[in-house]
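Student: Could we go through this model together? I would like to see how each label is earned.

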Amino acid sequence: LLLSPANGFEYLPVRDLSLCLDHALWDRSPSGYHAQNLAWFMLCCLLVGSLYRTLFAASDNSAIRERGAMLALASTLVFALHPLQVEPVAFITARNALLGLFFLLATLTCYAQFIRTRSVAFYALSVLCTVLALFSKVTALPTALLVVLLHAYLKREDKPLTVLRHATPHLAVTVLA
């Protein structure tokens, strides 16, 4: 499972291992698979809310900063209720979309924490989450670009080369994947 594409053409071991775990826990009962999808989706919603709070708190506009918590809540509710986000919860076969989104959001959340705290642990976790995102769904390829944009937004005073230097591991992992 870890050394070759499970379905013959896609190498997504994170998705495949999560479905193996579901099979071990629930056998062929779809309710367990759906419960797992719902849990992943709820975690994604929490990460979306956290990321929005971070983004609104870093705004140049004082009105947005002051209302950041309410704006983050409203944005998270729109995300949570939007049909395109809810659809992967209903389909067991869409687990890769949930995992890819979760690890992409986890990458950005950890990286934002790194920017705020300068903690090497958050930085390393953001790189690990990038790897897990890429091995969950191919559409997570823009993750490294989003890291660059997030850094440039949160640390506007940093020069472009500093931003790229900090994002180099994320970019390297993406190129290798």
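Tutor: Gladly; we will take a helix pair, a loop residue and the nonpolar core in turn, bearing in mind that the model is predicted.

Student: Why is H1 called oblique to H6?

Tutor: Helix H1 (residues 13-26) and helix H6 (residues 95-117) pack with their axes 9 Å apart and at an angle of about 120°. Roughly perpendicular covers 65 to 115 degrees and roughly antiparallel starts over 145, so an angle of about 120° falls in neither class. That makes H1 oblique to H6. The crossing of H1 past H6 is right-handed.

Student: Which residues in H1 and H6 meet?

Tutor: From H1 come Val14, Arg15, Ser18, Leu19 and Asp22, and from H6 come Arg95, Asn96, Leu99 and Phe103. By character, the residues of this contact are 4 nonpolar, 2 polar and 3 charged.

Student: Now the loop between helix H2 (30-57) and helix H3 (62-66), where Ser59 lies. What makes Ser59 count as buried?

Tutor: The cut-off for buried is under 20% relative accessible area. Ser59 has 10% relative accessibility, so Ser59 counts as buried. Beyond its neighbours within four places in sequence, Ser59 contacts Ile64, Arg65, Tyr153 and Arg156.

Student: And which residues have the most contacts inside the largest nonpolar core?

Tutor: They are Phe41, Phe103, Leu105 and Tyr111, in a core of 37 residues. H6 gives the most to this core, with 12 residues. Phe103, which also meets H1, touches Val14, Trp40, Cys129, Leu132, Ala133 and Ser136, leaving out residues up to four places away in sequence.

Key:
Residues numbered from 1 in each chain as written. Predicted model: local features only at pLDDT ≥ 70, side-chain atom pairs only at ≥ 80, totals over all residues. Heavy atoms only, no water. Axes fitted to C-alpha atoms, helices over the stretch in contact; angles between N-to-C directions. Helix = DSSP H or I, 4+ residues; strand = E, 2+ residues; numbered from the N terminus. Parallel < 35°, antiparallel > 145°, perpendicular 65-115°, else oblique. Left-handed = near helix turned anticlockwise from the far one by under 90°. Contact = heavy atoms within 4.5 Å. Nonpolar A, V, L, I, M, F, W, Y, C, P; charged D, E, K, R; others polar. Buried < 20%, exposed > 50% of the residue type's maximum accessible area, 1.4 Å probe, protein only. Core = buried A, V, L, I, M, F, W, Y, C linked by side-chain atoms within 4.5 Å.
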